[in-house]
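Please open the structure in a viewer and keep the sequence at hand. This tour proceeds by selections, each followed by a short account of what is found there.

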Amino acid sequence: MQPFPVRFRQFIHECTEDYLIRYANKGLYNRALKDMEKGITAEYTWTGQEQVQCILSDGTVCTLVDTLDQSACSCPSDKICRHILLGILYAQRHSTPVMQEEEQTEGREQEQHSPDFSKESGQSEAEFKWMMEIPLGELLRSYTTVQLAEMDFRLSIKETIHVTTDTLLTVSMESQQIEVSFTREPDLSKALCNVRDNASRIALYKLEAILRYRALKGLEEQQLLEESSYSVPTSSSVMTECLKLLTDISNTGLARLPQTVIARLETLAITARNEEFPNLERTLRSIRGELELFFARHIRFDMNALMNRLTETYLMLEVWEQELTASQRAQLVGSFRSRYYERVQLQLYALGAEPWETRSGYRGITYYLYCPEDGEMYTYTDARPVYYEGNTFRYDAQYTGRSPWRASLSMKQLAAGQWNFRHIRINRDRRISAAESTKIDMVERVPVEQIDFGHYRVEDPEFIHKQTEVVLFGEKKPRILLLTLTSVQHTVFDPSSQQLLIHATLQSGHQVTLVVPYHQEWQQTIRKLEKTNPDQMSRDMTVLVRADGQYLYPISFLKGTSIRHLKLDE
Amino acid sequence: MQEIRQITDTVQDWLNGMMLRGLNQLSPGDLNQLRAYAERAAQLHMDELCRLLNQLADTGQAALLGSEDRTIISDYFRLSAYIQMASASLTE
């Protein structure tokens, strides 16, 4: 690092008009200039503690250092004040002992290098080359993995940026209304941001701006960023311990296994938790559970289940020892829960609501909302476990009940409108959080026919099954699609499969069959659908369906601005 | 189909039995059994299973002759993983 006097002089030179105005504001800057014109002078003294004391002729005392953030003033203002600005401007315009260097030559050289503080036209982006040249690793170094994961998420959102160059290079992110100005000096901490927020948020905005700028200029770094957004657990002592334990268990055999192995497993599970290996902790606990049953000669003990657990864990540990990328490692490690991030604004169009129940004892309603701006589907799920006695979840009560974001708004209203969400929190799977800080405003609902649903709208039924995502070792995810029906041919209840089948024609002329499985709770809906004469049903409807395996399950029917949720609206 | 199920079940039983007794108790008799299963698997054109069985038999043989390699456990669990996936797809 250079000695303080040199850094200080450099700093004074870098305080260009643009920089000072962006940091403070135009009014303050002009007042400082006016004060100087009125004849206020300043005297500077080195204090020796890497500070410069600046006494203004009106009696105010400022302490200047080589950043604006840490400069202080004796006046009551807790933010930047005109005195500090004056102190800087005065030093720039007058030759004071502080600014005169012992080594004159170096000083002049610097002055030639640092452009004049007075306005200079024709600034080029070339002077901000450092923004492109600084290695990504160096940029990311001061950020935590949690912040980088959020950054990765933020960059996945579309954003229009504008770049303006004066003595600073300003990147403005349109939809977030954030502007970050970078200095010529390759230092991210010197960059300025127009929003007032806490320091870690500001640091995040600065990083987002520079990364978006780099992306605009053609640097492809998304993949690298994604890799670095996973924390790579370096300590694998718990892994070695586990491998040793599993080797011991399989070498000794269950029949001769001492019961102390239970304690060893528990200790390892706790270590795994402390070292943040959620998957390992889970499987160790389940091995422990199975072994407890074994020792108790319990009827529920299942040898195959134990074998599966042991195999899975052993192979996982073996894979761990191989060369893996950070994201693969993160997949092995697992996560405790998914993170939600804030988006400033999101307009969503309600498409459907579907009640469901799982075999493991959960009931809930999933709401599907579409964002025309980025062409993606978002979901909000209201779910409850019902396996405890006395825990109930009534679909109609939840559906007509209040929404989490505004008390006066029911979920039923929400599921039929178009909304502008502000400060909405969503996760990577585009699930919406019930966070109360989210604000919601109604927007006039656009007829469904006018919205471009992109790849969600399907015309050819052949296409439906082709596009199903293939997930290795995972369950196939059902897809949500929109179909346009020109007419319904006939509806028939198939007693052998206990399903109501709706045969209909698509706009493209193809035939499709929609399936509504029988359930006591929907028997009225099914009866009603069965009795309705297909000719009476409206034509040219859009229908939201869930494509799961070979079947298409309808969720809601849409036409114009109206919407009908099959199972929830009577 | 019935035969495939039969062989996966037999191998599964052998694996479970081995886990109860412990791999330290591996005997020449076990290895003979493994080779027999491998032959059966080859007849059914289950090449991968045959390969895994033979490999386990080979490392088992080496272990019996005094090699202190831990690959026997690794091979054992690889075979187990194969059986697991096979029986999962058979029950579907």
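The stops below begin with whole chains, continue through helices and strands, and end where the chains meet.

**The model and its chains**

Please bear in mind throughout that this is a predicted model. Select chain A to begin. Chain A has 570 residues, of which 27% count as buried. Its secondary structure comprises 19 helices and 19 strands. Among contacts in chain A between residues at least 6 apart in sequence, 56% join residues at least 24 apart.

Now select chain B. Which elements does chain B contain, and in what order do they run from the N terminus? Four helices are present and zero strands, so the order reads α-α-α-α. Chain B has 92 residues, and 29% of these count as buried. Where two residues of chain B are in contact and lie at least 6 apart in sequence, they are at least 24 apart in 58% of cases.

**A pair of helices in chain A**

Return to chain A and select residues 278-295, which form helix α13, together with residues 303-320, which form helix α14. The axes of these two helices come within 10 Å and cross at roughly 150°. Because that angle is over 145°, α13(A) is roughly antiparallel to α14(A). The crossing in which α13(A) passes α14(A) is left-handed.

To see the contact itself, display the side chains on both helices. On α13(A), the residues that make the contact are A:Thr283, A:Ser286, A:Ile287 and A:Glu290. On α14(A), they are A:Ala305, A:Leu306, A:Arg309, A:Leu310, A:Glu312 and A:Thr313. Sorted by class, this contact has four nonpolar, three polar and three charged residues.

**An open sheet in chain A**

Next, select strands β9 to β13 of chain A. How are these strands ordered in the sheet? Five strands form an open sheet in the order β11-β10-β9-β12-β13, with antiparallel pairing. At the edges are β11 (376-385) and β13 (439-443) of chain A, each of which pairs on one side only. From one strand to the next, the twist averages 40°.

Within this sheet, narrow the selection to β9 (residues 341-357) and β10 (residues 362-371) of chain A. These two strands run antiparallel and are joined by eight bridges. One residue to pick out is A:Ala350, whose bridge partner in β10(A) is A:Leu369.

**A hairpin in chain A**

Move along the sequence to β15 (residues 499-506) and β16 (residues 511-517) of chain A. Seven bridges join this antiparallel pair. Centre the view on A:Thr505, which stands opposite A:Gln511 in β16(A). Together, β15(A) and β16(A) form a hairpin with four residues between them. In the turn, select A:Gly509, where phi is positive, at about 95°.

**Where chain A touches chain B**

For the last stop, show both chains together. How many residues of each chain are in contact with the other? On chain A there are 16 such residues, and on chain B there are 18. The elements that give two or more residues to the chain A side are α11 (237-252) and α14 of chain A. The largest share of that side, eight residues, comes from α14(A), the helix already visited for its crossing with α13(A). By class, the side of chain A that touches chain B has six nonpolar, eight polar and two charged residues.

Definitions and conventions. Residues are numbered from 1 along each chain as its sequence is written. Chains are lettered from A and ligands numbered from 1 in the order in which they are written. This is a predicted model: local features need pLDDT of at least 70, side-chain atom pairs count only at pLDDT 80 or more; totals for chains, interfaces and linings use all residues. Axes are lines fitted to C-alpha atoms, for helices over the stretch in contact, and angles run from 0 to 180 degrees between N-to-C directions. Angles under 35 degrees count as roughly parallel, over 145 as roughly antiparallel, 65 to 115 as roughly perpendicular and the rest as oblique. A crossing is left-handed if the near helix is turned anticlockwise from the far one by less than a right angle, and right-handed if clockwise. Two residues are in contact if their C-beta atoms, placed from the backbone, lie within 7 Å. Ala, Val, Leu, Ile, Met, Phe, Trp, Tyr, Cys and Pro count as nonpolar, Asp, Glu, Lys and Arg as charged, and the others, Gly among them, as polar. Two strands pair if DSSP finds at least two bridges between them. A residue is buried if 20 or more other C-beta atoms lie within 10 Å of its own, exposed if 12 or fewer, and partly exposed in between; C-beta atoms are placed from the backbone.
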